[in-house]
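These are my notes from a first look through the structure. I went through sheets, helices and a ligand in turn.

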Amino acid sequence: MSPVRTSSFSAMMLAVALLGATAWAASRDQNINDPVKGEEHATLTYAPEVPAPITRNYATKVVIHLEVKEVEGRLADGVSYTFWTFGGKVPGKFIRVREGDLVEFHLDSHPDNKMPHNIDLHAVIGQGGGAASSLTAPGHSSVFSFKALVPGLYVYHCATAPVGMHVGNGMYGLIYVQAKTPLPKVDHEYYVMQGDFYTKGANGEQGLQPFSMEKAMAEKPEYVVFNGSVGALSGNNALSAKVGDTVRLFVGNGGPNLTSSFHVIGEIFDTVWAEGNTSTAIHNVQTTTIPAGGAAIVEFKINVPGTFLLVDHALTRAFNRGALGQLRATGPENKLVYSGKITDEIYLPEGTGIRVAEGEGRPAATATDHAGRVRLGETVYKTNCMACHQLTGVGIPGAFPPLAKSDFLNADPTRAIKTVVGGRQGSLTVNGQVFDGVMPAWSLSNDDVANVLSYIYGSWGNSGHDVTPVDVAATRTTAPPTPAR
Ligand code: HEC
Ligand SMILES: [Cu+2]
């Protein structure tokens, strides 16, 4: 190859590389120069709703009013908190504009507020993402404008010092800059945003809880929640869909500190628009990382009915600190996709010397009186039940019903025996709270069942009812256990 040809070849390669690197920048330039036609007021929505897709095919001027409000609200049952909000709730209202739009942004601070606030929108290219022009005292309104140059899903947040405190009090939300070629239409779009909360009192401590700067700096939250409070996406507030529907979740993470390992139990994301970009998708994903101050769009199709749990898969956050939501899908079963439990059989590895009767597990320690049953039952409980119902029987809101002071439990001991022996699913109400989960069937001996239930009835403010092996045997003969489906 001649030197001339070599250099022209490398020049060509250089040109190709430059084109690759500048293609995205060029699209920004084009969006800067996109003519802006007309004007409209944006409709913003509270989570979990998302504003309707934009059908316009040109850029316009979009006027947005977002009100900053300091409000007292519920963080968990019996726990309240003074949230600082964009729009009156956590997370802040969802904003949807189109790539190329000129946004006139009004940050209105309610006169009852005590603090100045501002806004940094990650969709903004400019000093502080808008923060530099939006510091607003109570009873004032700041206006600035920006052009939405880059499509994607972006976090916005307050950036007033101490920033960690303003964000920690709930000052974050999402803005979606819909690309000129929008994502395909789906049946449901929902808005979910994770945040970590640092209360002075420990998780569950009742009353109005002040912010703890110390815990925030140690990055040790008492609560990690979706949409601003424990249970904001469960029970009556669960997301919903039908078998056959496609679902798109716009998921943000306000932080201020934790990175989310976002996962939906029992689903696989067909598509993830990672880190909030809408240019390149990845497919067939189990769990996606959402950094603090970041977002992702996840999509999946519902093939079977069920209650699918939204979690931060750093699991103690989900099951002990609140990062647990529900998507309830209704419609016909598809036993080919998922059979449900077909049988529950005794498994005896080769060489196991113990023989067990049908329906019974390993032989249990036998007690002759109530006190003995309560004592032996504690071990059965800690081995089999504690993982879900918790050490002190308090359960987990939205997932596992309490066994402590349970009106449901105390009302009907025979039903409790059937629940343990045969499993249970479908909705039930315990102490006024609705649960709709699956309790597995247990292959426990009559003694073990009697012991564990005597222990539960004898603990945590329950009735003290005694359950004997004879009671359990009677239940088995009158109503043979049906395996949980
Ligand atoms: C995998 C989690 C899990 C484990 C482990 C578990 N349960 Fe449950 N339990 C549940 C769920 C979920 C329900 C509610 C089922 C429904 O919605 O119908 C439930 C319901 C119950 C109920 C009826 C509700 C009430 O408050 O009275 C009793 C009694 C009960 N479980 C006892 C037990 C006992 C005893 C054990 C251990 C042998 C146990 N559970 C182990 C998940 C679990
Ligand atoms: Cu603020």
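I began at β4 and looked up where isoleucine 95 pairs: its bridge partner in β9 is isoleucine 175. The model is a predicted one, and I kept that in mind throughout.

**Entry 1: the sheet with β4**

I counted the links between β4 and β9 and found 4 bridges, with the two strands running parallel. Next I asked which strands make up this sheet and in what order. The order is β4-β9-β8-β6, an open sheet of 4 strands with mixed pairing. I noted β4 (95–98) and β6 as the edge strands, since each pairs on one side only.

I then followed β8 (residues 152–157) to its neighbours. On one side, 6 bridges join β8 to β9 (residues 172–178), and the two run antiparallel. β6 (residues 120–121) is also antiparallel to β8, with 2 bridges between them. Tyrosine 156 turned up in both pairings: its partner in β9 is glycine 173, and leucine 121 is bridged to tyrosine 156 as well.

Is β8 mostly covered or mostly exposed? I found it mostly covered, with 6 of its 6 residues buried. I sorted them by direction: Gly152, Tyr154 and Tyr156 point one way, while Leu153, Val155 and His157 point the other way. Both sets are buried.

**Entry 2: the sheet of 6 strands**

I traced another open sheet, of 6 strands, in the order β12-β10-β14-β19-β16-β17. Its pairing is mixed. Why does one side of β12 and of β17 lack a neighbour in the sheet? β12 (223–226) and β17 (282–285) stand at the edges and have a single partner strand each, so one side of each is left without a neighbour. I also looked up the turn between neighbouring strands of this sheet, which is 25° on average, direction ignored.

Within this sheet I checked one pair. β10 (residues 188–197) and β14 (residues 246–255) run parallel and are joined by 8 bridges. As an example, methionine 193 has glycine 252 in β14 as its bridge partner.

**Entry 3: α5 against α9**

I turned to helix packing. α5 (residues 370–384) packs with α9 at an angle of about 95°, and their axes are 6 Å apart. That angle makes α5 roughly perpendicular to α9. I listed the residues that meet: from α5 they include His370, Arg373, Glu378 and Tyr381, and from α9 they include Asp448, Asn451, Ser454 and Tyr455. By class, I noted 8 nonpolar, 4 polar and 3 charged residues in the contact of α5 with α9.

**Entry 4: ligand 1**

I looked up how many residues surround ligand 1 and got 30. The closest are Cys385, Cys388, Leu409, Gly437 and Met439. By class, the shell has 20 nonpolar, 8 polar and 2 charged residues.

I then asked which elements supply at least two residues of the shell each. Among them are the helices α6 (386–389), α7 (407–411), α8 (413–422) and α9 (446–457). The strands β22 (424–425), β23 (428–430) and β25 (438–439) also do so.

I stayed with α8 for a last check. Ala416, Ile417, Val420, Val421 and Gly422 in α8 are buried. Glycine 423 follows α8, and its phi is positive, near 80°.

Methods: Residues are numbered from 1 along each chain as its sequence is written. Chains are lettered from A and ligands numbered from 1 in the order in which they are written. This is a predicted model: local features need pLDDT of at least 70, side-chain atom pairs count only at pLDDT 80 or more; totals for chains, interfaces and linings use all residues. A residue is near a molecule or strand if its C-beta atom, placed from the backbone, lies within 6 Å of it. Ala, Val, Leu, Ile, Met, Phe, Trp, Tyr, Cys and Pro count as nonpolar, Asp, Glu, Lys and Arg as charged, and the others, Gly among them, as polar. A residue is buried if 20 or more other C-beta atoms lie within 10 Å of its own, exposed if 12 or fewer, and partly exposed in between; C-beta atoms are placed from the backbone. Axes are lines fitted to C-alpha atoms, for helices over the stretch in contact, and angles run from 0 to 180 degrees between N-to-C directions. Angles under 35 degrees count as roughly parallel, over 145 as roughly antiparallel, 65 to 115 as roughly perpendicular and the rest as oblique. Two residues are in contact if their C-beta atoms, placed from the backbone, lie within 7 Å. Two strands pair if DSSP finds at least two bridges between them.
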